[in-house]
Amino acid sequence: MTALRPHAEQQYADELAELAATDDRPRPPGWRLSPQAVVTYLLGDGANITPKYVGPRRLMEIAVSTLATDRALLLLGVPGTAKTWVSEHLAAAISGDSTLLVQGTAGTAEEAIRYGWNYARLLSEGPSPAALVPSPVMRAMETGAIARVEELTRVPSDVQDTLITILSEKTLPVPELTSEVQAQRGFNIIATANDRDRGVNELSSALRRRFNTVVLPVPASAEEEVDIVTRRVAQLGRSLDLPEVPAAVEEIRRVVTIFRELRTGLTEDGRTKLKSPTGTLSTAEAISVLTNGLALAAHFGDGVLRPGDVAAGIVGAVIKDPVSDAVVWREYLETVVREREEWRPFYRAARDA
Ligand SMILES: Nc1ncnc2c1ncn2[C@@H]1O[C@H](COP(=O)(O)OP(=O)(O)O)[C@@H](O)[C@H]1O
Ligand SMILES: [Mg+2]
């Protein structure tokens, strides 16, 4: 049996082993690698270490060095800016374990961050260490590892606040057992939060003070975004074992251009103002449109990615609200796409989609 999606520390085990073997810089207590080597793991070295994050090196240096202090790390940004992706790779490189994860939702309860009980045992034996069910955060404290909290701002405020003691005192009291779990060295927390959720359950100032915030930007240029999408689409194609379809630079460039233009509300040449659709057209969505296109081309096409293989995906990504987004898309199609001579086949495919 093969896992559908191996964890980062499994998928990149060779790279992590190579880095560990050659890393001669000091490692913070509880860390598998030095901060320098963690950044190399994230950004690649041009040889055996492949880049995972494409973007400013400085941001990764700040993120990694934060984790070596007593402050936790908050990755903030609009959807699809690789917050989850970076946090998984950071945990894999630092602790060798990216699985200590709490998914934040409006329904996240205190037990998900502290601990719960196995009620059958609790009723038969009373409170005992064996009846206690530790949360991922508690396990990270015990083992000196990184815990991840996804979408922290969606978690109700009172539940968020259970993190304050954990982060300031580095201990988690268990009053039922008159005991506590003291965090071991190497423990820290990476939280992610969505810019767009701002105001949903904004972090209390007491909690915010425990975090250093790193804002992950949308890719600075079209070239950078094409680079990210090309790499990820190739990786995903390999891990899904899709029949090899030649990297269609032209199609990738077009998807990225369309998404960027609609996102910024301006054509690439700066001449035409556009209305933006309601949804976020993120890099992550560009990746998924192209991966779906490749699957179509591989299984039902002639093995070459054609405009028709991505058109439906693009339209689906743009039109989230069937009324207002459809108007935005039609206008873009007729005033921008149609005017581009080389885009004619795509124009026809998109019109039919
Ligand atoms: N700057 C980037 N570098 C590398 N991959 C990126 C970048 N931006 C987006 N991605 C890709 O986009 C996908 C979605 O990212 P994700 O971490 O889920 O976004 P977020 O959590 O910010 O919403 C991932 O597959 C990731 O590889
Ligand atoms: Mg995410």
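How many helices and strands does the protein have? In this predicted model, the protein has 17 helices and nine strands. Along the principal axes, its C-alpha trace spans about 75 × 50 × 40 Å. The chain comprises 353 residues, of which 40% count as buried. Among contacts between residues at least 6 apart in sequence, 70% join residues at least 24 apart.

The description now turns to pairs of helices. Two packed helices are described by the angle between their axes and by the distance between those axes. The first pair to consider is α3, residues 35-43, and α5, residues 83-95. Their axes come within 10 Å and cross at roughly 140 degrees. Because of that angle, α3 is oblique to α5. The crossing of these two helices is right-handed. On the side of α3, the residues that take part are V38, Y41 and L42, and they meet H89, L90, A93 and I94 of α5. Sorted by class, this contact holds six nonpolar residues and one polar residue, with no charged residues.

Before α3 in the chain comes a loop that joins it to α2 (13-22), and D24 has its place there. Is D24 buried or exposed? Only residues with 12 or fewer other C-beta atoms within 10 Å count as exposed. D24 has 8 such atoms, and it is therefore exposed. A comparison with A350 relates D24 to a distant part of the sequence: the two residues are 326 residues apart in sequence, and their C-alpha atoms lie 54 Å apart in space.

A second pair involves helix α14, which covers residues 283-300. At 1.5 Å a residue, its 18 residues should span 26 Å, and the C-alpha atoms at its ends are 25 Å apart, so the two values agree. Several residues of α14 are buried, among them T283, A286, I287, L290 and L294. What do the buried residues of α14 pack against? They pack against α12 (222-239), α13 (249-264) and α15 (307-318).

The packing of α14 with α15 can be described in further detail. These helices pack at an angle of about 150 degrees, and their axes are 8 Å apart. α14 passes α15 in a right-handed crossing. From α14, the residues E285, V289, L290, N292, G293, L296 and A297 meet D309, V310, G313, I314 and A317 of α15. By class, the contact of α14 with α15 has seven nonpolar, three polar and two charged residues. Some of the α14 residues in this contact also belong to the buried set, including E285, V289, G293 and A297.

Two residues in loops deserve attention for their backbone angles. K170 is not a glycine, yet its phi is positive, at about 55 degrees. This residue lies in the loop between α10 (162-169) and β6 (171-174). With 16 other C-beta atoms within 10 Å, K170 is partly exposed. T178 is likewise a residue other than glycine with a positive phi, in this case near 40 degrees. Its place is in the loop that runs between β6 and β7 (179-182). T178 has 8 other C-beta atoms within 10 Å and is therefore exposed.

Key:
Residues numbered from 1 in each chain as written. Chains lettered and ligands numbered in written order. Predicted model: local features only at pLDDT ≥ 70, side-chain atom pairs only at ≥ 80, totals over all residues. Axes fitted to C-alpha atoms, helices over the stretch in contact; angles between N-to-C directions. Helix = DSSP H or I, 4+ residues; strand = E, 2+ residues; numbered from the N terminus. Parallel < 35°, antiparallel > 145°, perpendicular 65-115°, else oblique. Left-handed = near helix turned anticlockwise from the far one by under 90°. Contact = placed C-beta atoms within 7 Å. Nonpolar A, V, L, I, M, F, W, Y, C, P; charged D, E, K, R; others polar. Expected span 1.5 Å × (residues − 1). Buried ≥ 20, exposed ≤ 12 C-beta atoms within 10 Å, placed from the backbone.
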